[in-house]
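User: Please walk me through this structure. I will ask about the sheet, the helices, the cores and the backbone.

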Amino acid sequence: MRGLSEKIAAIAPSATIEISNAAKRMAQEGIDIISLSIGEPDFDTPEHIKEACIDALRRGETHYAPSTGIPALTGAIAEKITRENGFSARQGEVIVTCGAKDAIYEAMEAVLNPGDEVIVLDPSWVSYEPCARLSGARARHHALSPATFQVDDTLLEAVGTRTKMIVVNSPSNPSGAVLNGDSIRLIADICRDHDLFALSDEIYEKLVYGKEHVSLASLPGMAERTITVNGFSKAYAMTGWRVGYAVAPRPIVRQMEKVQQHTISHPTTFAMFGALAALRGSQDCVESMRREFERRRDYFVPALRDLGYATAPADGAFYAYVMVEGDDMAIARSWLREAHVAVTPGTAFGTPGWLRLSYATSMESLREAVGRIARI
């Protein structure tokens, strides 16, 4: 057999695979594993969203759709952005994708060239760097303060002559931090001063506790250089539906559309009608889930601190990011082996010495997990 792709071979598999596979093996053996490793709401998709999808199937919405998404959905997304996110969006500036991850990949393919650099703020979600590398670019990692998880003037030191994009994720996976006004303004200033693009991943925007979410594109001069990525997985418990979207200047959307036309064509047609119902229907379900996540956070994060663990500010998303002493991979293995609690090592997010614990599970499981961790 001839050699395979060197580009793909150079990309490492996820650092979470070992723990995840071990947890699955133990569960198959009948061991009671508490998984705090998955970034997925434990709620079912709201009924009105499922019914809209079923209705679409029944009336025959099973054929090809426009490559940017069904017009009703792209229009609803433009209306949502204009109404909620503080900047104006037109329908032609929207593309619906197979999840937010697909939007990130397409955006990087559309904007970046080989040799370009992308600044990634650590801790960072695991797929930002691989998506940049698939486009031929390089990731330059910049560590946020482990005390505040906010941006400061040291970000300027990461900007080089090949820098073309900054990736922003607020609320953050994995830290749960929400960037404050000073951080957002500083990022905007740097992007304007150095003529950079920004990719703003706002998939957790609806899951914020006691803080305010600010879209980067809402700042002066930023809509014209920002790709805002979002989706339905987290706010509406629709992870398996694989429907996300991006809002960006029309030239970028046209480039992304070409990537989409030659890869996925478009997201699943009838699933998009469910996403439309999510946006057009009552948002009470979103607030109900948000309140329950906040209730769990208000128990779980203080409980971990009572055990002596320092944590990142858990102001959004549904993660507790815990500082541990020593090798986070070894500690994650130990927690799984001794306490039967599965967590994600911080090495996966570019910050060794931390663990990510998801509280997107029942309060009963969280209480049991705390008890098991305390006995280690």
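User: Start with the backbone. In which loop is Pro-171 found?

Analyst: A note on the source: this is a predicted model. The peptide bond from Ser-170 to Pro-171 is cis, with omega near -10°. Pro-171 is found in the loop between S5 and helix H8 (181-193).

User: Which residue comes before Pro-123 in a cis peptide bond?

Analyst: Pro-123 sits in the loop between strand S3 (117-122) and helix H6 (128-134). The bond leading into Pro-123 is cis, with omega near 5°. The residue before it is Asp-122.

User: Is Arg-242 buried, partly exposed or exposed?

Analyst: Arg-242 belongs to the loop between S7 and S8. Its phi is near 55°, positive in a residue other than glycine. Buried needs under 20% relative accessible area and exposed over 50%. Arg-242 has 34%, so the class is partly exposed.

User: What is the relative accessibility of His-340?

Analyst: His-340 lies between helix H12 (328-339) and strand S10 (341-342), in the loop. It is not a glycine, yet has a positive phi of about 60°. His-340 counts as partly exposed, and its relative accessibility is 25%.

User: Now the sheet. Which strands stand at its edges?

Analyst: Seven strands form an open sheet, with mixed pairing. Their order is S2-S8-S7-S6-S5-S3-S4. An edge strand has a single partner strand, so one side is left without a neighbour in the sheet. The edges are S2 (94-97) and S4 (138-143).

User: What is the average twist from one strand to the next?

Analyst: The strands in question are the seven of the open sheet. From one strand to the next, the twist averages 20°.

User: Which residue in S6 stands opposite Ile-166?

Analyst: Strand S5 (residues 163-169) and strand S6 (residues 197-201) run parallel. Five bridges join them. Opposite Ile-166, in S6, stands Ala-198.

User: What angle does helix H4 make with S2?

Analyst: H4 (residues 71-84) packs on the sheet. It touches S2, strand S7 (226-231) and strand S8 (244-247). The direction of H4 makes an angle with that of S2 of about 120°.

User: And at what angle to S2 does helix H9 run?

Analyst: H9 covers residues 250-261. It lies across S2, S6, S7 and S8. Its angle to S2 is about 25°.

User: Which helix gives the most to the largest nonpolar core?

Analyst: The largest nonpolar core holds 68 residues. Leu-36, Met-108, Val-118, Met-165, Ile-227, Phe-300 and Leu-357 touch the most other members. One helix, residues 99-111, gives seven residues to this core. That helix is H5.

User: How many residues are in the second, separate core?

Analyst: Its members include Ala-65, Ala-76, Val-96 and Leu-276. The count for this second core is 32 residues.

User: How many residues of H5 are buried?

Analyst: The buried residues in H5 include Gly-99, Asp-102, Glu-106 and Met-108. H5 is largely enclosed by the rest of the structure, because its buried count is ten of 13.

User: What span does H5 reach from its first C-alpha to its last?

Analyst: H5 has 13 residues. At 1.5 Å a residue, 18 Å is expected. The span in the model is close to that, at 19 Å.

User: Which leucine is in contact with Leu-36 besides Leu-357, leaving aside neighbours within four places in sequence?

Analyst: Leu-36 is in contact with residues including Phe-300, Val-341, Ala-342 and Val-343. Arg-356, Leu-357, Ser-358 and Thr-361 are also among its contacts. The leucine asked for is Leu-366.

Note on methods
Residues numbered from 1 in each chain as written. Predicted model: local features only at pLDDT ≥ 70, side-chain atom pairs only at ≥ 80, totals over all residues. Heavy atoms only, no water. Core = buried A, V, L, I, M, F, W, Y, C linked by side-chain atoms within 4.5 Å. Buried < 20%, exposed > 50% of the residue type's maximum accessible area, 1.4 Å probe, protein only. Helix = DSSP H or I, 4+ residues; strand = E, 2+ residues; numbered from the N terminus. Contact = heavy atoms within 4.5 Å. Pairing = 2+ DSSP bridges. Axes fitted to C-alpha atoms, helices over the stretch in contact; angles between N-to-C directions. Expected span 1.5 Å × (residues − 1).
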